[in-house]
Amino acid sequence: MSEGSLAKAIILLIVGNALAVGSDVFVKVMGEDVPIFQFIFLRSLLSLLVLLPLYQRFDLKTPFAGLGVHVVRSLAGMAGIFCMVVALTSLPLATANAVFYVAPILVMLLAVVIFREKLTALSVFAVFSGFAGIVVILRPVEFNWGALAALGGALALAINAVMVRMLPAQHTTLHRLFLSYLLVLPVSAAFFIWEGLALEPRVLVGAVGSGVLILGYSITVLVAYRDVDANQVTSAEYTGLIWAVAIGWVWFAEVPDLWFVVGSAMIVVPLVWLGLDQRRRAMRYRVEK
């Protein structure tokens, strides 16, 4: 693996995480009274239309293999988007993003429960430090529906990540994305009708902007991890928190306090340390092999 490939992957992840935070900005500016299911329906529909021309990359022979797993992941994804909208419109941009970063910690815990994986001492430390970091950031006196929604969004991300292992190996990432949006569409449409609200221009703009940017993030991640090992560059994913702080500060005048800085460090630093340790172990294994 060349140094150029490694540098390219890191740059792609930094740019991709900026796009993901940009997607969050489109959600945040819609306001707290946004019709959420209208947003989910429109974003899913628009994402399907963007992905449809790439049908040649789909598995057309067994398109619905593992349908049950796809359905559960899609519903978890819809619940995650719902929680994300509530969190982003209720909390400061950086605070919501910091809580979202607890998802890798929840992935570790779910992997223990579902796949009987064993945690290392460093993984256990990351779990306890991460949850303590959430308490420091949110503080019990400030706990509200937005905070609970942020935790729910992180849990939905973790469930989606863990269940990837259960999906058919022949399905590409694009195929999985397409099926997720396709399966969400009828459910979100039913809730959209139940909301009984007329189409709002701000929701359409938010759905287009958020959907395009989050697809851009997905593409950068796909390209970044194509030529390098994940444990070599995954720490670049946490630059999203830096983007969230910067954009929240400049755009929304959300100045992070000391609680936020300490809590974020308690979440992110052990995860970066864990990633570096995994990279060291992988390199040692290759040398010994």
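Where does α8 bend, and which proline follows within four residues? The bend, of about 35°, is at Leu-185, and the proline is Pro-186. The bend at a residue is the angle between axes fitted to the seven residues ending there and the seven starting there. This is a predicted model, in which local features need pLDDT of at least 70 and side-chain atom pairs count only at pLDDT 80 or more, while totals for chains, interfaces and linings use all residues. Residues are numbered from 1 along each chain as its sequence is written, and side-chain values use heavy atoms, with hydrogens and water left out.

**Helices α8 and α7**

- Helices (H or I, at least four residues) are DSSP runs, numbered from the N terminus.
- The expected span of a helix is 1.5 Å times one less than its number of residues.
- For the 23 residues of α8 this gives 33 Å, and the end C-alpha atoms are 32 Å apart, which agrees.
- Gly-196, with a positive phi near 70°, follows α8.
- Helix α7 (residues 145-163) has 19 residues and an expected span of 27 Å; its end C-alpha atoms are 27 Å apart, which agrees.
- Buried residues of α7 include Gly-146, Ala-150, Gly-153, Asn-160 and Met-163, where buried means under 20% relative accessible area, exposed over 50% and partly exposed in between (1.4 Å probe, protein chains only).
- The buried residues of α7 pack against α3, α4 (93-100), α5 (103-115) and α6 (121-138); contact means heavy atoms within 4.5 Å.

**Aromatic pairs**

- Rings of Phe, Tyr and Trp (its six-membered ring) pair if their centres lie within 6.5 Å; planes under 30 degrees apart count as stacked, over 60 as edge-to-face and the rest as tilted.
- By this rule there are eight aromatic pairs.
- Phe-37 and Phe-191 are stacked, because their ring centres are 4.5 Å apart and their planes are at 15°.
- Phe-37 lies in helix α2 (residues 36-51) and Phe-191 in helix α8 (residues 173-195), so this pair ties together parts that are 154 residues apart in sequence.
- Phe-37 is buried at 12% relative accessibility, whereas Phe-191 is partly exposed at 33%.
- Phe-58 and Phe-178 form a tilted pair, with 4.8 Å between centres and 35° between planes.
- Phe-58 is in the loop between α2 and α3 (67-90) and Phe-178 is in helix α8, so the pair joins parts that are 120 residues apart in sequence.
- Both Phe-58 and Phe-178 are buried.
- Phe-37, Phe-82, Phe-191 and Trp-194 are linked by ring pairs into a cluster.

**Nonpolar cores**

- A nonpolar core is a set of buried Ala, Val, Leu, Ile, Met, Phe, Trp, Tyr and Cys residues joined through side-chain atoms within 4.5 Å.
- The largest one has 69 residues, of which Phe-39, Ile-40, Met-84 and Val-85 touch the most other members.
- Beyond its neighbours within four places in sequence, Phe-39 is in contact with residues including Val-27, Met-30, Ile-81, Val-203 and Ser-210.
- Another core lies apart from the largest, with five residues, among them Leu-13, Val-221, Ala-224 and Ala-236.

**Buried positions in α1 and α12**

- Asn-17 lies in helix α1 (residues 3-28) and is buried, with a relative accessible area of 5%.
- Not counting residues up to four places away in sequence, Asn-17 touches Tyr-101, Tyr-217, Ala-236, Glu-237, Thr-239, Gly-240 and Trp-243.
- Gly-275, in helix α12 (residues 258-288), is buried at 6% relative accessible area.
- The C-alpha atoms of Gly-275 and Ser-235 are separated by 6.7 Å, and these residues are 40 residues apart along the chain.

Conventions. Helix = DSSP H or I, 4+ residues; strand = E, 2+ residues; numbered from the N terminus.
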